[in-house]
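Let's take a walk through this structure, one piece of packing at a time. Have your viewer open and follow along.

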Amino acid sequence: MPDPERLPGHQWLRENSRSLLQTRRGLNLFLYGIILVFFALLGVLYFRFTTDLLSVMMTLLPILSMMGNLLMLAGAIYCRAVPAEADCRNLLWGVIAGVCANIIFSGFMYSDPSLMPMPVALLLKLVGYTGLILFALFQRRLLLYVDRPDQTGKVTILVLTTALFLLGSWGMEVVAYLELMEIASITIYAVMLPGLFTYPCFLGSLKKAFVPAG
């Protein structure tokens, strides 16, 4: 019986191995997690400007974001089941660090946002966004391992959209914090949300490449 840890990528993809099942489970958990985070942030933007239940919703939505990040953390951990030959496990440490930064940020938002200095919040967000980029690069290496270079163009688009929208919104927050320019929070959200929308769209498409054909 061949060891699934030593299989070539195309053969590993055909094997009904524990490694493959855990990796697919990890991709699913990461996808579900980032969808929850997206809806949490969308809810923050919506309820901030349209409801009298602001205090209630601003308590519940960080919990939703926390749950999403916990799913993403579990997903990244499950994905470490990929074979060593894929040479992408180390990227997941950066992903885990990014998700942990998001969990810490969500925890402060739930307990008392005033306890978190703005520079710390900006640092946590930067680490979190970097983690998303690293997860996209992890998928690229995994796609090459399973001999699906035709899908790597989607990863390139995913990285570019993440950098453009998420890092762009982060840069706008830095500019606003330094008082170099007056930027409304709704503008920052408007830049951030397209990145968080396109990420699960591309992730959902890419993970289909890891389902054995037939």
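What follows covers three helix pairs and then a pocket. Keep in mind that this is a predicted model.

Start with helix H5, residues 118-145, and helix H7, residues 185-206. Their axes come within 12 Å and cross at roughly 20°. Angles under 35 degrees count as roughly parallel, so H5 runs roughly parallel to H7. As for handedness, the crossing of H5 and H7 is left-handed. If you want to pick out the contact in your viewer, select Tyr129, Leu132, Phe135, Ala136, Gln139 and Leu143 on the H5 side, and Met192, Leu196, Tyr199, Leu203 and Leu206 on the H7 side. Sorted by class, that contact of H5 with H7 holds 10 nonpolar residues, one polar and no charged.

Now swap H5 for H6 and keep H7 in view. Here the axes come within 8 Å and the crossing angle is roughly 160°. Anything over 145 counts as roughly antiparallel, so that's the label for H6 against H7. The crossing of H6 and H7 is left-handed. On the H6 side, the residues that meet H7 include Ile157, Leu158, Phe165, Leu166 and Met172, along with Gly168 and Ser169. Across from them, H7 brings in residues including Ile188, Val191, Pro194, Gly195, Tyr199 and Phe202. The class tally for the contact of H6 with H7 is 14 nonpolar, eight polar and two charged residues. Met192, Leu196, Tyr199 and Leu206 of H7 are among the residues that meet H6, and they're also among those that meet H5.

That leaves the third pairing, H5 with H6. How far apart are the axes of H5 and H6, and at what angle do they pack? The axes sit 10 Å apart, and the angle is about 175°. H5 and H6 are therefore roughly antiparallel to each other. Their contact has 19 nonpolar, four polar and three charged residues.

With those helices in place, turn to the largest pocket, which holds about 840 Å³ of space. Its lining has 31 residues, and the closest to the pocket centre are Leu41, Phe105, Met109, Lys125 and Tyr189. Which elements give two or more residues to that lining? They are helix H2 (18-50), helix H3 (54-79), helix H4 (89-111), H5, helix H6 (152-177) and H7. By class, the lining of the largest pocket splits into 22 nonpolar, six polar and three charged residues.

Methods:
Residues numbered from 1 in each chain as written. Predicted model: local features only at pLDDT ≥ 70, side-chain atom pairs only at ≥ 80, totals over all residues. Heavy atoms only, no water. Axes fitted to C-alpha atoms, helices over the stretch in contact; angles between N-to-C directions. Helix = DSSP H or I, 4+ residues; strand = E, 2+ residues; numbered from the N terminus. Parallel < 35°, antiparallel > 145°, perpendicular 65-115°, else oblique. Left-handed = near helix turned anticlockwise from the far one by under 90°. Contact = heavy atoms within 4.5 Å. Nonpolar A, V, L, I, M, F, W, Y, C, P; charged D, E, K, R; others polar. 1 Å grid on protein atoms, 1.4 Å probe; cavity = no way out; pocket = protein on both sides within 12 Å on 5 of 7 lines; lining within 4 Å. Points joined across faces, edges and corners; volume = space filled by probe spheres on them.
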